[in-house]
Each structure stands twice: as C-alpha cells, then as structure tokens.
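Visitor: I'd like to learn how to read a few features of a protein model. Could you walk me through them?

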Amino acid sequence: MKASEGVRRRAKPLTSGSKSAATSGLRQRKREQTRERLTRAAMAMFLERGFEATTIDDIAAAAEVSRRSFFHYFASKEDVVAAWQEDAATALVDAIIARPIEESMLTAAENAIAAVVKRVDPAEAAAMSRLKRDNPALQARDQLKYEKLERALAEGLARRSGRKSDRLKARLVAMIATGAMRVGGESWLGEGAREKPEAFVKRTFDAIRGILK
C-alpha cells in the first residue's frame, strides 16, 4: 500500500461543524489582517502628510480596499488613531502582567512602560504627539485614551498581584503611572524629544519617587 493511500484512509473527513469553524477562523484572520493594514496605512500617511490632509479614500487606496470596506472597520479617521492607541495600551498591560512578581507595582509599571516605549521610533512618537496636539478632535480622543488606559493598567496590576486587598493600591499606581505617561510625554516633547523615551521614563519615575519620600 502506498503511503499516500494510507494517509487518505486514515484521514477523517471534516464534519460540517469543523468546516464551519475553519471558515470562521479564516474569515476572522482576514478581517484582522485588513484592519491592521488599514491602521498601518493610515498612521503612515498621518505622520507624513498630516491628519487633515489625509482622506479616507487615500487610506483605503493605500490599504488596497474600497472606501466602503474602510467603514466596515472604522467609523472615522479619528477611530483609526484610537484603535492604534488601544493596541499600544494592550501591549503595555501585557508587559505589566509579565513583570517579575517580586517587583513592586510602581517598579513593574515603570519597567513595563520603559520596555514598551523602547520599541517606539522616537521621531514617530514625537510626530504623533504633535499630530494630536494640533488637532482638537484627536485631543478629545486622547483624554478618553488616558481614562481607558488607567482602568486597563489598574486591572492588569490587580491581576498580577492576585490579591483582592491590593485592588485599591493597583488603582492608585495606575493613576500615578498614567499621569507619568501624560506629563512625561508632554515634557519630553517640550524639551525637543532629544532624550531616549525609555531614559525619560526612568527620569520621570525617579521624580515620582522623590515626591513620595
């Protein structure tokens, strides 16, 4: 008996449920890939041309989808920026949860933030900050971003601890860390974005510890 015949005999046909799950999984992956492609194309053009100068048609064309398809994923250009920021927040929470348990909550937050910003291109980060600063609609979304981020950080820190008694502490550290990111980011940009972001994170948290002494 040929090996190929043995494989055919041993292989069981996919049931209708298996086929449906496989089709559903493939469809979901394609949606995620298209969403990521739209986000990357939009952010690249926002940074290169400016937010107002970039149209939805421009983004759709760069991502090789129709204008109608764009609206299957995002309701507006502002939503693209919000989605990009939410992805960054998810990465930050994941980094916090992965920190060694022997680190204090404040140290875990500092090290996670430093690790995440280290992967960011300083020039792009500065351009993105200016983009949000110069656009009122994006400024409003930025306020909402920090509120969501604070809640996500609090939840991540609480999960990392695993003790209900630490939930208040987690919320307070999340508030401090979120404030450090906001004020630190503004100061970093105000100083000309010359310092490496991760070095500025350390300097910001050193200042926080000096105040808390």
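Guide: Happy to. Keep in mind that this is a predicted model.

Visitor: Let's start with the backbone. Which residue has a positive phi although it is not a glycine?

Guide: The general idea goes like this: most residues other than glycine have a negative phi. Here, Glu 64 goes the other way, with a positive phi of about 60 degrees. You'll find Glu 64 in the loop between helix H3 (56–62) and helix H4 (67–73).

Visitor: Is Glu 64 buried or exposed?

Guide: Glu 64 is exposed, because its relative accessible area is 71% and anything over 50% counts as exposed.

Visitor: Next, salt bridges. How many does the structure hold?

Guide: Generally, side chains of opposite charge can pair when their charged atoms come close. This structure holds 10 salt bridges. One of them joins the side chains of Arg 40 and Glu 36, at 2.9 Å from N to O. Both residues sit in helix H2 (residues 16–49), 4 residues apart, which is about one turn of the helix. Glu 36 is partly exposed, at 46% relative accessibility.

Visitor: What does Arg 49 pair with?

Guide: Its side chain meets that of Asp 58 in a salt bridge of 3.1 Å, N to O. Arg 49 is partly exposed at 44%, and Asp 58 is partly exposed at 25%.

Visitor: And where do Arg 163 and Asp 166 stand, buried or exposed?

Guide: One of each. Arg 163 counts as exposed, with 51% relative accessibility, while Asp 166 counts as buried, with 11%. Their side chains meet in a salt bridge at 2.8 Å, N to O.

Visitor: Which residues are linked in a network of salt bridges?

Guide: Glu 191, Glu 195 and Arg 203 are linked that way.

Visitor: Now helix packing. At what angle do helix H5 and helix H8 pack?

Guide: Helix H5 (residues 77–97) and helix H8 (residues 136–161) pack at about 20 degrees, and their axes are 9 Å apart. So H5 is roughly parallel to H8, because angles under 35 degrees count as roughly parallel. The crossing of H5 past H8 is right-handed.

Visitor: Last one: which residues form a nonpolar patch on the surface?

Guide: Leu 168, Leu 172 and Met 175 do, and together they have about 300 Å² of accessible area. Leu 168 belongs to helix H9 (residues 167–190), and at 56% relative accessibility Leu 168 counts as exposed.

Definitions and conventions. Residues are numbered from 1 along each chain as its sequence is written. This is a predicted model: local features need pLDDT of at least 70, side-chain atom pairs count only at pLDDT 80 or more; totals for chains, interfaces and linings use all residues. Side-chain values use heavy atoms; hydrogens and water are left out. Helices (H or I, at least four residues) and strands (E, at least two) are DSSP runs, numbered from the N terminus. Buried means under 20% relative accessible area, exposed over 50%, partly exposed in between (1.4 Å probe, protein chains only). Patches are made of residues with over 30% relative accessible area and no salt bridge: like charges are joined within 9 Å, nonpolar side chains (Val, Leu, Ile, Met, Phe, Trp, Tyr) within 5 Å. Accessible areas come from the Shrake-Rupley method with a 1.4 Å probe; for residues, only the protein chains shown count as cover. A salt bridge is a side-chain nitrogen of Lys or Arg within 4 Å of a carboxyl oxygen of Asp or Glu. Axes are lines fitted to C-alpha atoms, for helices over the stretch in contact, and angles run from 0 to 180 degrees between N-to-C directions. Angles under 35 degrees count as roughly parallel, over 145 as roughly antiparallel, 65 to 115 as roughly perpendicular and the rest as oblique. A crossing is left-handed if the near helix is turned anticlockwise from the far one by less than a right angle, and right-handed if clockwise.
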